[in-house]
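Here are a few short exercises to work through with the model open beside you. Try each one yourself before reading its solution.

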Amino acid sequence: MRKGTAIKQAIQTTLMKTWVAAGRQPVQLTVRFAGTGASMMVGGGGSIRVNLPDFKDDHAYNDAHADRIVAMALHELGHAFFTDNARWTAAVAAHGNCHTLHRCINAFEDVRMERAIIKSGYATGAEKLLTVLLRHMVAGCDADTFKRKENIAFAICVDGRGYGVDVLPLVAPEFQALVSEGIDRCAALVTTADAINAGIWLWKALKPLKNPPPPPDDGEEGEGEGEGEGEKGEGEGEGEGEGEKGEGEKGEGEGEGEGEKGEGEGEGEGEKGEGEGEGEGEGEGEGEGEGEGGGSDQIRVGDRVLCPDGKEGVVTSITNGVAEVI
């Protein structure tokens, strides 16, 4: 167990050592602990700011918690090392700043970028740490996460990494062939341009797809006690249904900075941050803001959400009503 202050200091030290190990000139590399999202921002003069979820300084945390935060930090730094943010931003802009396209590109670029940082050897134990983070994220997903069209990119991103985390069997049967092809395409990714091309392919493939119908309700109507037959008996199935989430998140298009709405996806240099972007769980919006249904507003693990700072992220866990987002 380590105090929050010790973990934060260790993360800052680790990032700076990784930066130097990469042969980069010393720059203003700062780590900011705030909110619930993780993102990376490139400022003027090559300065780098890594934003990570905040946690209490005086609280004792186990090694698993520390490893997850370090993995988030390495992921964000990996984008600074290996992602061509300008090319990514231009590609999304050329297609109307479509949020869904951004997520599709992000799925492939995360796979490619993490592979590059592991192969580089800049960060000792990078593969182990990134695997811990991915397993934590997938463990927090519910049974239906990978059955939804919105999470096809997430499924490709999980299996495509090759960390031994296999969610393909959880994908809806009608989507499995597409996910398998996406996983195969991950093996050929060399540059950000490759990830962009793969993302555009997936984006186009997703357009005609519809989510599978929900399973039939097993609840049965029972006879009421006392007065009248036909009243609902216990077990009648009054639970909340989870509809398809609307497309375009309240009519807004892609606008996500990378780093999610979480890992909100604002790529690029300047003010927008580069986010983690793992689970999709968002609506099917193409940026026009037209929803395909009035889905539930309930947030679930695996969903992508818009953080208060305007970035996008993935919900990795929910404790006492508070969501942890990366």
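**Exercise 1.** Which residue follows helix 4, and is its phi positive or negative?

*Solution.* Gly121 comes right after helix 4, and its phi is positive, near 75 degrees. Before going on, note that this is a predicted model, where local features need pLDDT of at least 70, side-chain atom pairs count only at pLDDT 80 or more, and totals for chains, interfaces and linings use all residues. Residues are numbered from 1 along each chain as its sequence is written, and side-chain values use heavy atoms, with hydrogens and water left out.

**Exercise 2.** Work out how the span of helix 4 compares with the expected one, and how covered the helix is.

*Solution.* Start with the residues: helix 4 runs over 99–120, which gives 22 residues. (Helices are DSSP runs of H or I, at least four residues, numbered from the N terminus.) Next, take the span: from first C-alpha to last it reaches 31 Å, close to the 32 Å expected at 1.5 Å a residue; the expected span is 1.5 Å times one less than the number of residues. Finally, check the cover: 18 of the 22 residues in helix 4 are buried, where buried means under 20% relative accessible area, exposed over 50%, and partly exposed in between (1.4 Å probe, protein chains only).

**Exercise 3.** Find Asn97 and describe its phi and its exposure.

*Solution.* First, locate Asn97 in the loop between helix 3 (85–94) and helix 4. Then look at its phi, near 55 degrees, a positive value in a residue other than glycine. Most residues other than glycine have a negative phi. Last, Asn97 counts as partly exposed because its relative accessibility is 43%.

**Exercise 4.** Is His99 buried or exposed?

*Solution.* His99 sits in helix 4. With a relative accessible area of 4%, His99 is buried.

**Exercise 5.** Describe how helix 7 and helix 8 pack.

*Solution.* Take the angle first: helix 7 (residues 176–186) and helix 8 (residues 192–206) pack at about 175 degrees, with axes 11 Å apart. That makes helix 7 roughly antiparallel to helix 8, a label for angles over 145 degrees. (Axes are lines fitted to C-alpha atoms over the stretch in contact, and angles run from 0 to 180 degrees between N-to-C directions.) Now find who meets whom: Leu178, Glu181, Gly182 and Arg185 in helix 7 meet Trp201, Leu202, Ala205 and Leu206 in helix 8, with contact meaning heavy atoms within 4.5 Å.

Key: Helices (H or I, at least four residues) and strands (E, at least two) are DSSP runs, numbered from the N terminus. Angles under 35 degrees count as roughly parallel, over 145 as roughly antiparallel, 65 to 115 as roughly perpendicular and the rest as oblique.
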